[in-house]
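Please examine the sequence and the three-dimensional structure shown below before attempting the exercises.

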Amino acid sequence: MDFLLFLLLVATASCLQTKDLPIRFDNFQVYHVIPRTSQQLEILKRLQENPQGFNFWNEVAVTGRKVDIMVPPHLKYNFRDLVQEFDAELWIENVQQLLDNEGSQVDSKPDDFHWTDYHTLESIYAWMDSLARKYPDIVTPLVGGRSYEGREIRGVKLSFGTGKKGIFMEGGIHAREWISPATVTYMLNELLSSDNATVRAVAESRDWYFFPSVNPDGYVYTITNRMWRKTRKPYGLCVGADPNRNWNYRWMNGGASQNRCSEIFAGDAPFSEPETKSLSEFINSVSDTLDIYLAFHSYSQLLLIPFGHQGREIPKNNDELHRIGRAAADSLRVRYGTEFKVGNIPNMLPSLSSGGSIDWVLGEHRNIRIVYAYELRDTGRYGFILPPEQIIPSGEETLDSLVRLIHEVDSS
Ligand SMILES: *[C@@H]1O[C@H](CO)[C@@H](O)[C@H](O)[C@H]1NC(C)=O
Ligand SMILES: [Zn+2]
């Protein structure tokens, strides 16, 4: 049988079988591979475009830059042959073991909501509702849009008084980046309840729009397939578009794909995904009051500055964004020594990425001038499967950087 056809059948069979049961990753391995020649780079790029069962945890960019690739057990020998001549290191022996240690998403009652586990979407939403009951003068529940499967994209607004500038906190656009909603909810909780005077002052200096999980279908689906990244809208044989390649600013202009099965499939058109379309409309409705927009991703420990498209567009306030970003990264490092690199997207990943939310926000809203995407912990030891013991440290250090960032914005 044709090898490709065989793989397709295996993939289809496993999808049908395990619709509800979590897909297991027994003996799936993760390799760190560094392409050293342009020929090796080309091989990896072709494989990423048509991954045939391999799962790329980050993007093939340039020679010398590490790529983390997850290899299913039935392709173990094929992969070993393929990278024989490569600078490749087996990094994770058994992905399932990491998943067992991580635990799945936990359901907690609002009173028991905590940051030593990852939570289900339902628990996060119930907890946000409980905040609105507990702090009725400060917290307003919001619906920022709707998903393909009809779920609400829910958030909260925190407002300690009228006439403040606004900041938008976007989490979870990529489903498998669980540390993103966890870190965003951690910061939300601290801004509401911390008695640290510095945190209180920063909290009260702004109106806050918190949306911890803007790809709710994807996040729910990661209970079944922990490695899911995209939305859940069907596209022929494949499912989902990359919601962070789907925003209507220089759409499909580098670092995105029109292959419907690709992990970075940009959708059939800009805003083809109900999630990005409806959320962008919500953002437009409040954008006049915003001056800061932050998106939270994982992993790589980067603070990314637009633009990611290939038009070589540079933010008008690029120097300011670098200066503030470096200050934020300095403050992030203090508590646990965690190093974040700061720079424009094409120099950092370093690869292009068009149709991302931060490009659209900065490109289309000239008054929102402070725009970053955080790539949270780690740098590839655990990748997306960051142990839940790291949620609180990640939340603490990211909040430290946020406090500094706002101080810098308000003093410049
Ligand atoms: C208060 O919060 C700031 C910012 O996160 C932090 O740098 C500082 O150490 C905290 N102060 C105390 C006493 O914990
Ligand atoms: Zn991401």
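The exercises below concern an annotated residue, unusual backbone geometry, and enclosed and open spaces.

**Conventions.** The structure is a predicted model, in which local features need pLDDT of at least 70, side-chain atom pairs count only at pLDDT 80 or more, and totals for chains, interfaces and linings use all residues. Residues are numbered from 1 along each chain as its sequence is written, chains are lettered from A and ligands numbered from 1 in the order in which they are written, and side-chain values use heavy atoms, with hydrogens and water left out.

**Exercise 1.** Locate the residue that UniProt lists for "active site" and describe its surroundings.

*Solution.* Begin with the record: the unreviewed UniProt entry lists E375 under "active site". UniProt positions are given in the numbering used here, feature names are shortened, and such annotations may be inferred rather than shown by experiment.

Next, place the residue. E375 belongs to strand β14, residues 370-376. Strands (E, at least two residues) and helices (H or I, at least four) are DSSP runs numbered from the N terminus.

Then ask whether E375 is buried or exposed. E375 counts as buried because its relative accessible area is 12%, where buried means under 20%, exposed over 50% and partly exposed in between, with a 1.4 Å probe and protein chains only.

Finally, list the neighbours. Leaving aside residues up to four places away in sequence, E375 touches H297, S298, Y299, S300, Q301, L302, L304 and F340; a contact means heavy atoms within 4.5 Å. The E375 side chain also reaches the backbone nitrogen of Y299 at 3.4 Å.

**Exercise 2.** Find the cis peptide bonds at F307 and D378, and the positive phi values at F271 and Q301.

*Solution.* Take the peptide bonds to start. P306 and F307 are joined by a cis bond with omega of about 0°, and F307 sits in the loop between β12 (302-305) and α10 (318-336). The bond from R377 to D378 is cis as well, with omega near -5°; D378 lies in the loop between β14 and α13 (391-411).

Turn now to phi. F271, a residue other than glycine, has a positive phi near 60° and occupies the loop between β10 (238-239) and α9 (274-286). F271 is classed as buried because its relative accessibility is 16%. Q301, a residue other than glycine, likewise has a positive phi near 60° and lies in the loop between β11 (290-298) and β12. Q301 is classed as buried because its relative accessibility is 11%. Q301 is also among the residues that E375 touches.

**Exercise 3.** How many cavities of 30 Å³ or more are there, and what lines the largest cavity?

*Solution.* Apply the rule: on a 1 Å grid over the protein atoms alone, a cavity is a set of points where a 1.4 Å probe fits but cannot get out, and lining residues have an atom within 4 Å of a point. Grid points are joined across faces, edges and corners, and a volume is the space filled by probe spheres set on the points. The count is 2 cavities of 30 Å³ or more.

The largest cavity holds about 50 Å³, and its lining consists of F113, W115, D117, Y118, H119, I124, P181, A182, T185 and Y219. Helix α6 (residues 179-193) gives the most to this lining, with 3 residues.

The second largest cavity holds about 30 Å³ and is lined by I173, V214, P243, W247, E275, T276 and L279.

Key:
On a 1 Å grid over the protein atoms alone, a cavity is a set of points where a 1.4 Å probe fits but cannot get out, and a pocket is an open set with protein on both sides within 12 Å along at least five of seven lines; lining residues have an atom within 4 Å of a point. A polar contact is a pair of N or O atoms within 3.5 Å; within protein, one must be able to donate a hydrogen and the other to accept it, and residues adjacent in sequence count only if both atoms are side-chain atoms.
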